[in-house]
Every structure is written in C-alpha cells, then in structure tokens.
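Hi everyone, thanks for coming. I'd like to walk you through a structure that may be new to you, so please have a look at it first.

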Amino acid sequence: MEEDFNSFPTGPDDQQVNNSNNLIQMIWQAISNPKGYRDFLDLSRKRFKRFIIIIMFIVTLMAVGLQIIVVIINVGGLKNFFKNKIPPFVVRDGEIISEETFDIRMGEFRIYFDAREDSVSTSDLKDGYTYITIGKKRVNVLTQGANGRYFSTFTRNISSFFRDGMNNDTLVSLTPAIYISIIVAFILRMLLFVLKYWILALIYGMYARGLNMAIGNIHTDQEITRICLVAQTLGILLVNFNKAIGLPLPGFLMSAVGVFLTIRRISLYFSNYIGDKGLNV
C-alpha cells in the first residue's frame with residue numbers, strides 16, 4: 001500500500017525539509033523542531049531511508065567506530081600493532097607460546113592476552129567491558145552480569161582461530177583482510193542499530209497511536225512509525241555521544257533521558273492538533 005503524505009495542511013515553511021537536500025538541515029530539524037515533524041512525512045521513501053541510514057551511521061560511529069579509529073591511529077596502524085606492539089608469540093600444537101601479557105581497549109571491548117595460563121581468569125577482569133580473552137589454549141568472550149561477575153558467552157580452542165606456526169608476521173600479512181572485517185563488522189553493527197531503533201519506534205508507536213486517536217486518526221501506522229523514528233534522533237545521539245566520550249554519566253540515566261526526550265517530542269508534534277495543555281509530559 002502506498003503511503004499518503006499529502007493529507008496535511010501546509011504553510012509557507014512546511015516544505016523546508018522536503019525541498020532541501022541538506023541532510024544536516026534535516027538532522028537539525030529532527031533535533032530542534034518536533035512541531036515540524038510532519039515535513040518528514042512528505043519525504044519520499046528513498047530520502048527518508050537515507051536520513052535514517054545517516055543517523056544510524058553517526059550513532060554507530062560514536063558507539064564503536066571512533067574508539068577503534070583512535071586505537072588504530074594510536075598504535076600506528078594494524079601492521080605496526082601486530083609487529084611491534086603485541087607480545088612476540090608463536091602457535092605450537094594448538095597452544096600460544098608467549099612470555100608477556102597484553103591489554104587494550106577497543107570501543108566497548110577489551111582484549112586481554114595472557115598465555116601463561118590455559119585461559120584468562122575472570123578475577124583479572126574489571127571495569128564492565130566486554131572482554132575478549134586469549135589464553136594459552138582458549139579464547140573466551142566474557143560479559144559482566146547484573147551481579148558484577150563475568151560469565152562466558154563464547155569459548156573456543158586456540159586451534160579454531162590460529163593454526164600451528166602462526167606468529168606476529170602472519171598477522172601482519174593478514175592486515176588487509178582484518179581491515180575488511182572491521183568494515184563488515186561496522187556495517188553489521190549499524191544494521192543492528194537500525195533494527196533496535198525501528199523496534200523502539202514500534203513501542204513508542206503505542207503511545208503515539210493513543211494521541212492519534214484523540215485527533216481523529218489522521219495518521220496511518222506507517223506515518224506514526226516515521227514520527228517515532230524521527231523523534232528518537234536527539235535521544236539516541238545523546239546516549240551514544242555519552243558512550244563515545246567514556247560514559248561520564250551512567251548509561252541507565254542517559255537511556256532514561258533518551259526515553260523522556262522521545263516521548264516529549266512525540267507529544268510536542270501532536271500538540272499541533274490538540275494543543276499543548278493536554279499533552280505536556
């Protein structure tokens with residue numbers, strides 16, 4: 001079914017977003033002008049999808065991309081990292097042989113290398129990061145639970161990742177493939193953000209549909225989903241900016257702020273039709 005975005009009264013300023021190819025202007029309107037969200041209903045599907053992709057790219061860049069870029073720059077590139085920064089190692093009979101330890105933060109993850117033990121003890125972990133630990137015999141991915149203790153969400157033997165004879169020079173030769181893997185992982189993470197915020201839009205849509213009923217059901221379900229996606233813009237940018245700068249404010253607090261801002265913006269949009277008095281949140 002085709003979406004009908006032309007059933008609303010328009011004024012001289014209502015076509016600001018529709019007539020502009022300036023994505024920065026679109027983002028600014030999504031952040032600063034909730035009462036003008038109906039402009040986004042006039043966008044073609046292609047242009048609206050492009051707007052969402054740009055927002056999700058920025059969010060993914062803040063959440064994981066910037067930290068990875070900073071790490072790569074700080075270590076002088078992956079080739080230099082593998083050759084000169086990580087401890088000398090070699091894989092023999094399915095085990096990593098190395099006399100040194102290594103610990104580095106990469107975005108939300110922390111890589112901890114200690115080949116003196118079969119696998120890294122959870123007692124060595126802290127700070128709430130998701131850890132990728134590399135021991136003599138096993139690779140683990142560990143996440144901190146609500147009780148503060150770490151538990152394994154993934155474990156494999158070293159032989160699943162490193163073949164016998166592998167060493168620092170082998171990793172250097174794999175650098176181009178690793179860069180490609182990072183790009184693919186970034187795209188996959190961005191798609192997960194798209195899915196996450198689309199689901200949240202459907203949840204916020206339950207509130208928006210109540211307001212829509214109060215004004216006589218002038219919006220379709222597709223239009224309400226658009227409004228709820230746009231209304232999340234400020235909240236998700238603030239939440240992920242907080243992550244990008246190292247969580248100076250607690251994550252749960254920022255999430256609560258994001259929810260409040262989104263609901264407030266949905267309310268302000270519908271106040272175009274039934275007034276601010278009954279919709280203040």
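**Salt bridges and a cavity**

A word before we start: what you see is a predicted model. I'll take the charged pairs first and then turn to the empty space inside.

So, how many salt bridges does the structure hold? There are four, and I'll show you three of them, beginning with E95 and K137. Their side chains meet with N and O at 3.6 Å. This pair links distant parts of the chain, 42 residues apart. E95 belongs to strand 2, residues 95-97, while K137 sits in the loop between strand 5 (130-134) and strand 6 (138-144). Are these two buried, exposed or partly exposed? E95 has a relative accessible area of 23%, so it is partly exposed. K137, at 30%, also counts as partly exposed.

Next, please find D103. Its salt-bridge partner is R110, and the closest N and O atoms are 3.1 Å apart. Here the two ends fall into separate classes. D103 is partly exposed, with 38% relative accessible area. R110 comes out at 16%, and because buried means under 20%, R110 counts as buried.

Now to D114 and R116, where the closest N and O atoms of the salt bridge are 2.9 Å apart. Which end is buried, and which is exposed? D114 is the buried one, at a relative accessible area of 6%. R116 reaches 53% and counts as exposed, because the cut-off for that class is over 50%.

Let's move on to the empty space. Rolling a probe the size of a water molecule over the atoms reveals where space is left empty. Searching the whole structure for cavities of 30 Å³ or more turns up one. The largest cavity holds about 80 Å³ of space.

What lines it? Among the lining residues are F51, I52, I55 and M56, along with V194, Y197 and W198. You will also find L229, Q232, T233 and I236 there. Three elements each give two or more residues to this lining: helix 3 (45-74), helix 6 (175-214) and helix 8 (233-244). Helix 3 contributes the most, with four residues.

And what is the lining like chemically? Nine of its residues are nonpolar and two are polar, with no charged residue.

That's my tour, from the four salt bridges to the cavity with no charged residue in its lining. Thanks for listening!

Conventions:
Residues are numbered from 1 along each chain as its sequence is written. This is a predicted model: local features need pLDDT of at least 70, side-chain atom pairs count only at pLDDT 80 or more; totals for chains, interfaces and linings use all residues. Side-chain values use heavy atoms; hydrogens and water are left out. Buried means under 20% relative accessible area, exposed over 50%, partly exposed in between (1.4 Å probe, protein chains only). On a 1 Å grid over the protein atoms alone, a cavity is a set of points where a 1.4 Å probe fits but cannot get out, and a pocket is an open set with protein on both sides within 12 Å along at least five of seven lines; lining residues have an atom within 4 Å of a point. Grid points are joined across faces, edges and corners, and a volume is the space filled by probe spheres set on the points. Ala, Val, Leu, Ile, Met, Phe, Trp, Tyr, Cys and Pro count as nonpolar, Asp, Glu, Lys and Arg as charged, and the others, Gly among them, as polar.
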